[in-house]
Amino acid sequence: MGKYFGTDGFRGEANVALTAEHAFRVGRFLGWYYGQDKKAQIAIGKDTRRSSYMFEYALAAGLTASGADAFLLHVTTTPSVSYVVRTEDFDCGIMISASHNPFYDNGIKIINGLGQKIEATVEEQIERYIDGEHPEIPLAVGERIGRTVDFAAGRNRYIGYLMSIPAHSFKNMKVGLDCSNGSASSIAKSVFDALRAKTYVIHNEPDGTNINANCGSTHIEALQELVKEQQLDVGFAYDGDADRCIAVDHLGNVVDGDKILYVCGKYLKEQGKLTNDTIVTTVMSNLGLYKALDREGISYEKTSVGDKYVCENMMTNGYSLGGEQSGHIIFSRHASTGDGILTSLMLMEALVEKKARLKDLADEVQIFPQILQNVRVADKKAARDNQRVQRAVAKVEKALGQEGRILVRESGTEPLIRVMVEAASREECRKYVQDVVQAIEEEGLAVE
């Protein structure tokens, strides 16, 4: 990870860690970088945060000042930007979003011409330019100055693409959608309506400050209640920029990314569409998923946490399915990044084709109890490398043996150390997590 860019772009509190000046300079660099021998064309999308408008105009100003044309998709999803970039021959795309973070945070995600997250080498050059360590970039003059172009049509093409993917109608299926007051608010319902589902939608009235507020994929309780109260067949919750999805079965049980990977992986294998019968996961996936995949004869790879790393592995090896427990799921036949709405459509395909309930398919995975606790720290590396913390981790590893595991890692987007334990019981998980957290706190590494 660099100084500004983490695993999911440049993210921080708007006008504190991430300012309009930062956005302007990111735009200036990208407009110059891609326009050295031509007029660059770059697409910009944004989520519903109040600050997204500020960053949209700052980025557009930087791009056009460097001579690039900025194509504005307006409020849309991260996967739609990825789709538009790779199908419409843009040089790159920019998504303004802090994903599942609170409204006062924001972020800049840069997507390359293949529709994937930008290479680290380009991020490093942007960081050098932001810090004044890169040669100054000339301003475009005269007719070389760029322009902004309204490109809402690009989002509409993406909606049409999503509608074309399922082979079945969803007629007579009662589906709940939690749009998190984010990007999915402008897309998800129209897709499900077109596929003839009876659609019930909550949290689709963004006001700039309510994105992810007690809703969406990180606050699943509201969707659980909706599904149970309305006796729906299934429910899907998205995050702020709709690149992840968490599902709920007809009884209100949560179906997370691990179970989604299993259900979709088994279905694709049965259809002969799971490349090399292999799924790409991250080190955060549950032991129960691996035991279920072993039973079904499905192989798996493990990457570092971050859909960026899942995608890299998939593209390198040609795999067709991969994802994270958090709900970032990549179907490489249809997309080059995690796509929450696409994920919900693929789950619907499996349910309709197999004439099954999601609960019956997902219950084939017996999840090990898992507890994850985030500890806010002043210095992530210092906390991770602290000798007492490392001794506490080693002690837990020895105690768990082959019947569980502990994972302590730095967040790629926030000043947090994440402590996760899987074990035979929640009591064991809680005890071992607390042992490590206590070591972090007693060493004076935690902050309020």
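A salt bridge is a side-chain nitrogen of Lys or Arg within 4 Å of a carboxyl oxygen of Asp or Glu. The exercises below concern a predicted model, and each solution goes step by step.

**Exercise 1. Salt bridges between distant parts of the chain**

Task: Decide whether E270 and K354 form a salt bridge, and state where the two residues lie and how exposed or buried they are.

Solution. Begin with the distance: the side chains of E270 and K354 come to 2.7 Å, N to O, and meet in a salt bridge. Next, place the partners, which link distant parts of the chain, since E270 belongs to helix α8 and K354 to helix α11, 84 residues apart. Finally, consider accessibility: E270 has a relative accessible area of 44% and is therefore partly exposed, and K354, with 31%, is partly exposed too.

Task: Carry out the analysis for R388 and E442, and then for K38 and D91.

Solution. For R388 and E442, the side chains meet in a salt bridge at 2.4 Å, N to O. This pair also links distant parts of the chain, with R388 in helix α14 (residues 387-400) and E442 in helix α15 (residues 426-442), 54 residues apart. R388 is partly exposed at a relative accessible area of 29%, and E442 is partly exposed at 45%.

For K38 and D91, the closest N and O atoms of the salt bridge are 2.3 Å apart. K38 sits in the loop between α1 (20-33) and β3 (41-46), while D91 sits in the loop between α3 (78-87) and β5, so the pair ties together parts that are 53 residues apart in sequence. The accessibility step gives 45% for K38, which is partly exposed, and 13% for D91, which counts as buried.

**Exercise 2. A buried acidic residue**

Task: Which side chain of opposite charge is nearest to E127, and what does the side chain of E127 reach instead?

Solution. First locate the residue, which lies in helix α4 (residues 120-130). Then look for a partner of opposite charge: the nearest such side chain is that of K3, 7.9 Å away, and E127, although buried, has no salt bridge. The cut-off for a salt bridge is 4 Å. Turning to the backbone, the side chain of E127 reaches the nitrogen of F5 at 2.9 Å. As a last step, list the contacts beyond four places in sequence, which for E127 are G2, K3, Y4 and F5.

**Exercise 3. The strand β6 and its partners**

Task: Which strands pair with β6, in what sense, and how many residues of β6 are buried?

Solution. Start with burial: of the 7 residues in strand β6 (residues 105-111), 7 are buried. Sort them by direction, and D105, G107, K109 and I111 point one way, whereas N106, I108 and I110 point the other way. Then take the partners in turn. Strand β2 (residues 9-13) pairs with β6 in the antiparallel sense over 4 bridges, and E13 has D105 as its bridge partner in β6. Strand β5 (residues 92-96) likewise pairs with β6 in the antiparallel sense over 4 bridges, where I96 has I108 as its bridge partner.

**Exercise 4. An open sheet and the nonpolar cores**

Task: What is the strand order of the open sheet of 5 strands, and which strands stand at its edges?

Solution. The order is β9-β8-β10-β11-β12, with mixed pairing. β9 (198-202) and β12 (254-255) each have a single partner strand, so one side of each is left without a neighbour in the sheet. Within the sheet, β8 (residues 174-178) and β10 (residues 234-238) run parallel and are joined by 4 bridges, with V234 of β10 as the bridge partner of V175.

Task: How many residues has the largest nonpolar core, and which helix gives the largest share?

Solution. This core has 65 residues, and those with the most contacts inside it include L162, V175, F192 and M348. Its largest share, 8 residues, comes from helix α11 (residues 340-354). To look at one member, L162 touches I187, V191, D339, I341, L342 and L345, leaving out residues up to four places away in sequence. Apart from this core lies another, of 32 residues, among them A23, L30, L63 and C92.

Notes. Residues are numbered from 1 along each chain as its sequence is written. This is a predicted model: local features need pLDDT of at least 70, side-chain atom pairs count only at pLDDT 80 or more; totals for chains, interfaces and linings use all residues. Side-chain values use heavy atoms; hydrogens and water are left out. A nonpolar core is a set of buried Ala, Val, Leu, Ile, Met, Phe, Trp, Tyr and Cys residues joined through side-chain atoms within 4.5 Å. Buried means under 20% relative accessible area, exposed over 50%, partly exposed in between (1.4 Å probe, protein chains only). Contact means heavy atoms within 4.5 Å. Lys and Arg count as positive and Asp and Glu as negative; His and the chain ends are not counted. A polar contact is a pair of N or O atoms within 3.5 Å; within protein, one must be able to donate a hydrogen and the other to accept it, and residues adjacent in sequence count only if both atoms are side-chain atoms. Two strands pair if DSSP finds at least two bridges between them.
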